[in-house]
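Me: I would like a close look at a single part of this model. Take one sheet with the helices that lie across it, then work outwards to whatever else is worth a stop.

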Amino acid sequence: MTNPGYATTLPQAGNAPFWRGLKLSDHLYALFILAVAGVVFQRYHAAMDVYEHAILAGSALSLVALGWFWKPVRLFFPLAGLLALGGIALYGDDLGRGQTAFWLKYVLASQSAAMWMCVLFFLATAIYWVGLLRRSNTADAIASGLTWAAAGAAVVWFFVRWYEGYLIGPDVGHVPVSNLYEVFIMFCFITAMMYLYYEQRFATRRMGAFVLLIISAAVGFILWYTFDRQAHEIQPLIPALQSWWMKIHVPANFVGYGAFAMAAMLGVAQLLASRGILTSHLPSYETLGEVMYKAIAVGFLFFTIATILGAMWAADAWGGYWSWDPKETWALIVWLNYAAWLHVRLVKGWRGDILAWWSVVGLLVTTFAFLGVNMFLSGLHSYGTL
Amino acid sequence: MRRLSFGRALYELLSSMRFAISLLTLLAIASIIGTVLQQNQPYTSYAVEFGDFWFRPFEWLGLYDVYHAGWFIIMLGFLVGSTSLCIYRHLPGILRDIRSYREQAALKSLRAMAHQQEIALQQPVEGALTQAEQWLTAQGYRHKRVVRDEGVMLAAKKGSLQRLGYLFAHAAIVVICIGGLLDGNLPLKLQSLLGIKEVETRNTVPVSEIGEKSKLTPSNLSFRGVIDMPEGETRDVAWLNAGPGYYVQELPFAIKLNKFHVEHYSTGQPKLFASDIEVTSKASGKVTKGTVKVNHPLIVDGVAIYQSSFGDGGSPLKLAVWDWLGAAPRPQELAAVSLASQAFRWGGQPLTLEFGELRPFNIENLEAEPEISDFGRRMQDARQVKADKKVKNVGPSIQFKVRDAQGQAVEYLNYLSPFEDGGRFYLMSGMRRTVAAPFAFVRIPLDAEFSPQGFMQISAVLHDPAAWPEIARRTAAKAERDGAISPAYRKEFEQSLVWVLQRFADGGFTALQSFLDERVPKDKQEAVGQTYIKLLQGAVLDAADLSRQRANLAPVEFNDSYYRFLMDSLVAVSASFDYGHGFYLQPVGFEERKSSGFQVTRSPGQPLVYLGSLLLVLGIFCMFYIRENRIWVWVQEGRLLLAFSSNRRDAQTEQEFAAHSAALGSLAGTDKEEQHD
């Protein structure tokens, strides 16, 4: 019973060079992504500096690699991208059309897409729970589809909002990863995508109920932040944020945060399962533990990269790669925490509830590093204040 | 003998994982202190915060600069030491592992492995071996053939980089810490412990008077200091904050600030901070010109110059001194410089004017708070990404303190541009007696010429006892003409007016109120108060006419706007009694001279830290995503044994083993079948 049963589409163990396994559809996808990147470069290269050219190339290659590694995104990104392009085309060069054109007003304008994302994530959460409690594969499949749709809405939001920024003013537009509102949507998107990957990789949809809970919590925050604080309004970048480092530092960080959040929710599921709650509904205790480990490993790698990128940015902006600023220090604490977690699992061979508890506590530490520092401590890193 | 075992035990402890994990935990907890308690603040503010009793022990513990405290550095040292020992301890084994195929594994131990399978071999040994070798090579395994007593063994392995990952990641920690140490202030701390260097604690001394012990030469290996300078000036030293004082770092060059630029977006947020500088090398005299922006430092001779702050650099100001009593017909002119002090006499009193910062822009959010219950409006807002904020630049302001001979100070915040409210214009002046208090603003109404002159004339008349009977006479005459009072009552009415004017001149509305509180029964206070206000409102009109007459000006035609001007004047006169001083300084002009703050750093450890970072990422990647697998195929006439091991025991291990076992099973069974699925 320890075998969680891999999906059959997985590449066979240790197969010879990976490109031999690529199919026509893989090449078409790569061609499509590279063509899109080419068009973007041709149209906008004058507005970008050499680092941004590198980031564009890197993003295109990463998308190709991601599509080859995980097949469903070969359909997902082009579709979501086309929807986003539709929204951009409907805007033309008039921001006011967002309130008059039907498709923009109700679906494709960035704020409409964000609201759809919120609704779809809530629905997906509810239906994942139905699926879990009733052991219904149909409900699970629907919930999974809704999660894909919500992630698609986030992609539309991202690109359309990017465009809207430039419609407000040529000096206002920027990639939407610059404030707490924007990164919260990014958090939802990345956590959902990572979950969807593991769902397929481990051929079980029964973890969704727990993982989507944390996404729903983030969605709840987004709604409060939008309606109570009008945080969704596009603000121009202050000088400290006018840097290409932001474009890579922030997304890398959120892969880390998303992974840690997911690991913590799996930890919760594991703790419940070991106490006989929902045990027969959830995947096996070992599977939960393994996905948790995999999530933390990915998260740790990306969090390390993000922290290093942050240090390099700080060396450009603040006069030193490390200033013991509260945000930096808490990033170090998070890093040390997961470093210790991985050590005891890999070297000491720990398993079970203690690691589950630890990953739940880890999320609390991570949340403090992400939100608490901005709310309670002062420092250089004060862009994302509530 | 004993010593040896103790040393051995210490080595075991220091290189153990238990120790490393405890150290990580301790470091994490210690780091928290520095995030909760703001670091590197002036020592006086800590003394105020903690009181004398706690200030000393906290200082001794190094809590004001945790990350450079001795105990923290020692902990980091232990981390480096422990990690190095850990590498030292595991290195031989890892190298052996990387090189070795473990071909000496005994048949018995292969059979005892978790993943092993024996298959009946139906083809010749040599054919099976060749096919097995092909399979292993195709799977990316390197292998070695060993002839053993009981058959032939293929020992294969893949993913040795996984073991290197361990080395990379742990060496990275050491490299990063060494890099950080190079850039830290450890040498300086040691020198100050040994008494070679000494912190300067006096706050306002010129550089020339600072002792050599507090100066650091340009050859200093690493430093991180700040420079603040006004436009047009040149500096060749930077300031290093250190505990209760500072050091002066002499730079290998001199920086001249030609111009500082600041730009704003239409929404008021800052858009650009940039300094045009000229850096002249002291050794070669070479001049480097450049612009330093946030995120775009200028690097000269290995020293990076960063834009870090900006402010007022001491701007010449032009002020008009108005007498609240309006005694002088024209304001005096006063020349001053921001961020500087100057003596000033008022009413025979020696005072000091201490000018603070000139702020050329004051961008304020003028939007009223949206109503909480307005759901529809919120839904509408949530759909729009364009902020519809009403921000406004309310213009330049200057802040200053007026200090008397006893040392008592009153602080003012005066705006240069008129502030508009409902079609009327005012000059705003804020006043406070303590730094913690918010400013209380007085609105000085402007006349038709946009000058405070009209108001000051009215103020003068209201403060002039000689004018009161004339004002009363005119107001009473008007009242009688309008039939508001009877002729018999006129004398008494005039007396009441004079009395009210006198009372008002004593202390404004507050004086009238205190009279009401003291002398009038509670139930009549409101009615009597209303009467006073009406009397004043009537009288101020004639006071204004009189003031214009005295200044040889034609009376103003009465209208709504003029009426409001008069009412505002009454309010402002009343407020002047709480203003603290008898004069108002109206800013009338300035020549802006900005200052820019730079950070200058030399950090020789940076390349090491980056190298360590690269190693760290590589190491982590190798450790997590490369699987170190080993396969043993042992072949004997009629029998084939497959054993498999991986550094990870998870579902993928099972799957890989299944694949190998299927492949080898099929090659053992027939000699022609295609192994690939």
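Reply: Helix α16 of chain B, residues 651-669, lies across β1, β25 and β26 of chain B. Its direction makes about 160° with β26(B). This is a predicted model.

A second helix, α6 of chain B (residues 125-138), lies across β2, β3, β25 and β26 (639-646) of chain B. Helix α6(B) runs at about 0° to β3(B).

The sheet beneath these descriptions is open and has five strands. Their order in chain B is β1-β26-β25-β3-β2, and the pairing is antiparallel. Strands β1 (115-120) and β2 (142-148) of chain B form the edges, each pairing on one side only. On average, neighbouring strands of this sheet are turned by 15° against each other, direction ignored. Strands of a sheet pair through backbone hydrogen bonds, either parallel or antiparallel.

Look at one pair. Strand β3 of chain B (residues 151-158) and strand β25 of chain B (residues 629-636) are joined over seven bridges, in the antiparallel sense. V152(B) stands opposite V635(B) in β25(B).

Now the domains. Chain B is divided into five domains, among them domain 2 (103-159 + 628-669) and domain 5 (453-555). Over C-alpha atoms, the centres of domain 2 and domain 5 of chain B are 113 Å apart.

One loop of chain B deserves a stop. L339(B) sits between β13 (332-337) and β14 (341-346) of chain B. Its phi is near 60°, a positive value in a residue other than glycine. L339(B) counts as partly exposed because it has 17 C-beta neighbours inside 10 Å.

Next, the contact between the chains. Chain A brings 59 residues and chain B brings 59 residues. On the side of chain A that touches chain B, the elements giving two or more residues are α5, α6, α8, α10 (285-317) and α11 (326-346) of chain A. Helix α11(A) gives the most, with eleven residues. By class, that side of chain A has 33 nonpolar, 19 polar and seven charged residues.

Helix α8 of chain A covers residues 208-229 and has 22 residues. From first C-alpha to last it reaches 30 Å, close to the 32 Å expected at 1.5 Å a residue. Its buried residues include F210(A), V211(A), L212(A), I214(A), I215(A) and I222(A). The buried residues of α8(A) pack against α5 (110-134), α6 (137-168), α7 (180-201) and α9 (245-274) of chain A, together with α9 (375-383) of chain B. After α8(A) comes Q230(A), with a positive phi near 50°.

Within chain A, the domain assignment gives domain 1 (94-195 + 204-235) and domain 2 (243-379). Their centres are separated by 22 Å, taken over C-alpha atoms. Here 20 residues of domain 1 of chain A are in contact with 22 residues of domain 2 of chain A. Helices α5, α7 and α8 of chain A each supply at least two residues of the domain 1 side. Helix α7(A) gives the most to that side, with seven residues. The domain 1 side has 15 nonpolar, three polar and two charged residues.

Last, L278(A). Its place is the loop between α9 and α10 of chain A. Phi of L278(A) is near 60°, positive in a residue other than glycine. L278(A) is partly exposed, with 15 other C-beta atoms within 10 Å.

Methods:
Residues are numbered from 1 along each chain as its sequence is written. Chains are lettered from A and ligands numbered from 1 in the order in which they are written. This is a predicted model: local features need pLDDT of at least 70, side-chain atom pairs count only at pLDDT 80 or more; totals for chains, interfaces and linings use all residues. Two strands pair if DSSP finds at least two bridges between them. Helices (H or I, at least four residues) and strands (E, at least two) are DSSP runs, numbered from the N terminus. Axes are lines fitted to C-alpha atoms, for helices over the stretch in contact, and angles run from 0 to 180 degrees between N-to-C directions. Two residues are in contact if their C-beta atoms, placed from the backbone, lie within 7 Å. The expected span of a helix is 1.5 Å times one less than its number of residues. A residue is buried if 20 or more other C-beta atoms lie within 10 Å of its own, exposed if 12 or fewer, and partly exposed in between; C-beta atoms are placed from the backbone. Domain bounds come from an automatic or database domain assignment. Ala, Val, Leu, Ile, Met, Phe, Trp, Tyr, Cys and Pro count as nonpolar, Asp, Glu, Lys and Arg as charged, and the others, Gly among them, as polar.
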